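Please examine the model below with care. The paragraphs that follow will lead through its open spaces, its enclosed spaces, its helix contacts and some features of its backbone.

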Amino acid sequence: MARPMTMAEKILADHAGLDEVVPGQLIECDLDGVLANDITAPIAIKTVREIGAGVFDPTKIFLVPDHYSPNKDIKSAEQTKVTRDFAHEMGITHYFEQGCMGIEHALLPEKGIVGPGDLIIGADSHTCTYGGIGAFSTGVGSTDAGVGMATGRAWFKVPETIRIQVDGELPAGASAKDIILYVIGKIGVDGALYCAMEFTGSTIRNLSVEGRLTIANMAIEAGGKAGLFEVDDIARAWLDGRCERPYKEYHADGDCTYKQVVKIDAADVVPQVSWPHLPSNTHPVAESRDIKIDQAVIGSCTNGRIEDMRAAADVLRGRTVDPNVRCIVIPATQGVWLQCVHEGLMDVFIDAHCVVSTPTCGPCLGGYMGILAAGERCVSSTNRNFVGRMGDPTSEVYLASPAVCAASAVAGHIALPSDLDQA
């Protein structure tokens, strides 16, 4: 009989063709998918060419030009052309051209291309997002992604698992983004180094799938190898009719071994903001009101889904952005963009004097569509706030939920939505 195992251990064991695995064990696994974008794909493609074997399965390679697309300059256009030409040459079915694409980690779950029980690697660190629907997904280097594209296999060191248990009711105004910022603030940016993070508890079970994807997305910001959520009725309803192929649920054994169990009372998770220059530098929003801002960004692979757009619109409706602030709204996919139109959210954003962009990762990585000048400050629903992340090395990025970003854009300083009612 196999030893009791965590979710991560079960998925890895199955994909390695083994009855059981143990933390620290080196294994080779079959992959369900390999992802790359317009920055990382050209390097992976070079590796595939060097191996000389083509791709292992053209239906399991996912190429999404989302970082500098629509192309911002000649170099980015050339990067995308390499990716596009390779996709056409290899008959890759999941290549997303401009006009069809979205931010990769929002797009693939939305389209049902990734699903529960999958083992996915991606040449982008936030590939861990898909753990929100019960996959083991993790970021790798571009060369490793290229080997995966060619062979359909990758090696792993089985990670230990940290159980993050959140119970109780969240305070008013708190969201999934606040949960993950609170967790990172509690354990640090290396608190889950090369560990799987398994999220559970009554609070987690009541979250929407969008909220779970937000939390899984930022597992890497705690050093995690993956962030995982068990599939339940909420997830099954979201997945119904969406997944391209049958999926398999994995559930942790009740007597499995965890490296650590972190218990959190949801009542302690007030709306958070991460100050520069680490995601772990968290503070309550209520203690951050003196921080003036020049820009707000609402979007990204962390918080660009329809739930996030609605939260921002609820704050912005009937209000306008402070004249000294630029507010950039980026729906994460074409589907989200269109839904914003149908629900009248675009009217809200435009009436509030926001810039609304086609789906792109642009400002999050300091690529384009929102670069900061020297000394400027941005409050953003993205996932990283390192030195120079969004522009000049003397600029500053503060991480918060979409609702807090919207409220801050109106107030001209970091603020809670409730602050606007008192102004």
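How much space lies in the second largest pocket? The model is a predicted one, and in it about 230 Å³ of space lies in that pocket. The lining consists of 19 residues, and those nearest the centre are F199, T200, G201, R205 and E230. Two elements, the strand β9 (195–200) and the helix α7 (202–205), give two or more residues each to this lining. The largest share belongs to β9, which supplies three residues. When the lining of the second largest pocket is sorted by class, eight residues are nonpolar, four are polar and seven are charged.

The largest pocket may be described in the same manner. Its volume is about 320 Å³. It is lined by 23 residues, and the closest to its centre are G173, A174, S175, A176 and S401. Several helices take part in the lining: α6 (176–187), α8 (209–217), α11 (306–316), α14 (402–411) and α15 (417–422) each contribute at least two residues. By class, the lining of the largest pocket contains twelve nonpolar, eight polar and three charged residues.

Two of the helices just named, α11 and α14, also make contact with each other. How are they oriented? The axes of α11 and α14 come within 8 Å and cross at roughly 30 degrees. An angle under 35 degrees counts as roughly parallel, and α11 and α14 are therefore roughly parallel to each other. Their crossing is right-handed. On the side of α11 the contact is formed by D308, A311, A312, V315 and L316, and on the side of α14 by P402, A403, A406, A407 and V410. Of the residues in this contact, nine are nonpolar, none is polar and one is charged.

Helix α11 has a further partner in α12 (residues 334–342). Here the axes come within 10 Å and cross at roughly 40 degrees. With this angle, α11 and α12 are therefore oblique to each other. The crossing of α11 and α12 is right-handed. In this contact, I306, M309 and R310 of α11 meet V336, Q339 and C340 of α12. Four of the residues are nonpolar, one is polar and one is charged.

Another helix pair lies earlier in the sequence, where α2 spans residues 41–51 and α3 spans residues 74–90. The axes of α2 and α3 come within 9 Å and cross at roughly 45 degrees. These two helices are therefore oblique to each other, and their crossing is left-handed. The contact involves A41, P42, I45, V48 and R49 from α2, together with Q79, V82, T83, F86, E89 and M90 from α3. By class, the contact of α2 with α3 comprises seven nonpolar, two polar and two charged residues.

The enclosed spaces come next. How many cavities of 30 Å³ or more does the model hold? The count comes to two. The largest cavity holds about 40 Å³ of space. Its lining is formed by G112, I113, V114, G115, D118, C243, E244, R245, P246 and Y247. Among these residues are five nonpolar, two polar and three charged ones. The second largest cavity holds about 30 Å³ of space, and V297, S300, I330, T360, C361, P363, C364 and T382 line it. The lining of this second cavity has five nonpolar residues, three polar residues and no charged ones.

Finally, the backbone deserves attention. Most residues other than glycine have a negative phi, and most peptide bonds are trans. Which places in this model depart from that pattern? The peptide bond that joins S69 and P70 is cis, with omega at about -5 degrees. P70 is situated in the loop between β3 (61–64) and α3. A cis peptide bond also runs from P276 to H277, where omega is near 0 degrees. H277 belongs to the loop between β12 (272–274) and β13 (282–284). Y194, although it is not a glycine, has a positive phi of about 50 degrees. The position of Y194 is in the loop between α6 and β9. These two elements have appeared before: α6 supplies residues to the lining of the largest pocket, and β9 supplies residues to the lining of the second largest pocket.

Key:
Residues are numbered from 1 along each chain as its sequence is written. This is a predicted model: local features need pLDDT of at least 70, side-chain atom pairs count only at pLDDT 80 or more; totals for chains, interfaces and linings use all residues. Side-chain values use heavy atoms; hydrogens and water are left out. On a 1 Å grid over the protein atoms alone, a cavity is a set of points where a 1.4 Å probe fits but cannot get out, and a pocket is an open set with protein on both sides within 12 Å along at least five of seven lines; lining residues have an atom within 4 Å of a point. Grid points are joined across faces, edges and corners, and a volume is the space filled by probe spheres set on the points. Helices (H or I, at least four residues) and strands (E, at least two) are DSSP runs, numbered from the N terminus. Ala, Val, Leu, Ile, Met, Phe, Trp, Tyr, Cys and Pro count as nonpolar, Asp, Glu, Lys and Arg as charged, and the others, Gly among them, as polar. Axes are lines fitted to C-alpha atoms, for helices over the stretch in contact, and angles run from 0 to 180 degrees between N-to-C directions. Angles under 35 degrees count as roughly parallel, over 145 as roughly antiparallel, 65 to 115 as roughly perpendicular and the rest as oblique. A crossing is left-handed if the near helix is turned anticlockwise from the far one by less than a right angle, and right-handed if clockwise. Contact means heavy atoms within 4.5 Å.
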